[in-house]
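The following exercises concern a single protein structure, shown below. Each exercise gives a task, and a solution then proceeds step by step.

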Amino acid sequence: MANLKEIRNRITSVASTMQITSAMKMVSAAKLKRAQDAITQMRPYAEKLQELMQNISSTLEGEVGGAFTKQNASEKVLLVVFNSNRGLCGGFNSSINKEVIKAAKGQFKQGGLDVFAIGKKGLEIFNREGIKVVDNLQDIVNKPTFDQITEVTAWAMEKYSNGEYGKVLVVYNKFKNAAVQEVTFEQVLPVELPKSGNAVSSEYIFSPSKEQILVDLIPKTIKTQMFKALLDSAASEHGSRMTAMHNATDNAGALKSELTLTYNKARQAAITNEILEIVSGAEALASGN
């Protein structure tokens, strides 16, 4: 059994760790509130924009929407993968990286796969697995902005227009709640439009034409879809970290209680031994006299 000093040192260390994890939990909870508000406000707008695009396209005949709705000849796939810059957030990064590696070795193996990595985590894993990382952005994770993600989107749209990639997908953790995040693969390009004749007829006057509105609407929808993925990932990261720090704090508390009990038992045993030694010594002196 460890001596009393070693147990005291361990109790102090665990208590210090518990203070750190508790503080990290509170910080993540505050950040989660802001991130959750942002994605909650963004989703209705993104869904309505998508619905508007689908409704307009379904009333048109033939090929509509321009270059971003047409499948090109390339079989190569670009994945825009959203990770975090820091760890200590449970399975947030490992779950998404595992799915990317699985896709690279499975469904996207034949045509080839490139990754545009958002966030620091995952770079080393992708390089080790032989997955090509064409670019990496890290600052955007700490302060998600529409302008920065628009630059990434414009780059991906240009590569698709040039025929370098046949598909562009975003891979991110979709935020459900603080404890649940779902790894999601979502196709960005080409934009999939419904067949004509599926929309409910409505007496709207369009100016400019439906075709022109759709051409203008599609790039905005793509950018909004990418921004929504960024906000979803940010909320998922803070939720996952808050949950992980909550569990770590609880585990540290349980370990501290266990060590305290062990310390008290060891201290009681030491005191009992000292009393026995004193009594034995006193009896020896008495018998000697």
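**Exercise 1. The largest nonpolar core**

In this predicted model, determine which residues of the largest nonpolar core touch the most other members, and which elements give two or more residues to this core.

Solution.
- Step 1. The largest nonpolar core has 39 residues, and those touching the most other members are V80, F82, I118, I149, V170, L189 and I222.
- Step 2. Two or more residues of this core come from each of α1 (4-58), β1 (77-82), β2 (113-118), α4 (139-142), α5 (146-161), β4 (167-177), β5 (180-189) and α6 (210-288).
- Step 3. The greatest contribution to this core is that of α6, with 11 residues.
- Step 4. F82 may serve as an example: leaving out residues up to four places away in sequence, F82 touches I96, I118, I149, V170, V171, Y172, M226, A229, L230 and S233.
- Step 5. Another core, of 17 residues, lies apart from the largest one; V100, F108, V115 and I131 are among its members.

**Exercise 2. The second largest pocket**

State the volume of the second largest pocket, and describe how the residues of its lining divide into nonpolar, polar and charged.

Solution.
- Step 1. The volume of the second largest pocket is about 210 Å³.
- Step 2. The lining consists of 14 residues, of which R43, A46, E47, E186 and K228 are the closest to the centre of the pocket.
- Step 3. At least two residues of the lining are supplied by each of α1, β4, β5 and α6.
- Step 4. By character, the lining has 3 nonpolar, 5 polar and 6 charged residues.

**Exercise 3. Salt bridges**

How many salt bridges does a search of the whole structure find? Examine the pairs formed by D37 with K33, by K76 with D114, and by K159 with E164.

Solution.
- Step 1. The search of the whole structure yields 8 salt bridges.
- Step 2. In the salt bridge between D37 and K33, the closest N and O atoms are 2.8 Å apart. Both residues belong to helix α1 and are 4 residues apart, about one turn of the helix.
- Step 3. D37 counts as partly exposed because its relative accessibility is 31%. K33 also counts as partly exposed, at 49% relative accessibility.
- Step 4. Between K76 and D114, which form a salt bridge, the closest N and O atoms are 3.3 Å apart. This pair links distant parts of the chain, since K76 lies in the loop between α1 and β1 and D114 in strand β2, 38 residues apart.
- Step 5. K76 is partly exposed, at 25% relative accessibility, whereas D114 is buried, at 2%.
- Step 6. K159 and E164 meet through their side chains in a salt bridge of 3.4 Å, N to O. K159 is partly exposed at 23% relative accessibility, and E164 is partly exposed at 33%.

**Exercise 4. The setting of N97**

Is N97 buried or exposed? Identify the helix that holds N97 and the residues with which N97 is in contact.

Solution.
- Step 1. N97 is placed in helix α2, which covers residues 92-105.
- Step 2. The relative accessible area of N97 is 3%. Buried means under 20%, so N97 is buried.
- Step 3. With neighbours within four places in sequence set aside, N97 is in contact with N83, K121, G122, I125 and F126.

Key. Residues numbered from 1 in each chain as written. Predicted model: local features only at pLDDT ≥ 70, side-chain atom pairs only at ≥ 80, totals over all residues. Heavy atoms only, no water. Core = buried A, V, L, I, M, F, W, Y, C linked by side-chain atoms within 4.5 Å. Buried < 20%, exposed > 50% of the residue type's maximum accessible area, 1.4 Å probe, protein only. Contact = heavy atoms within 4.5 Å. 1 Å grid on protein atoms, 1.4 Å probe; cavity = no way out; pocket = protein on both sides within 12 Å on 5 of 7 lines; lining within 4 Å. Points joined across faces, edges and corners; volume = space filled by probe spheres on them. Nonpolar A, V, L, I, M, F, W, Y, C, P; charged D, E, K, R; others polar. Salt bridge = Lys/Arg side-chain N within 4 Å of Asp/Glu carboxyl O.
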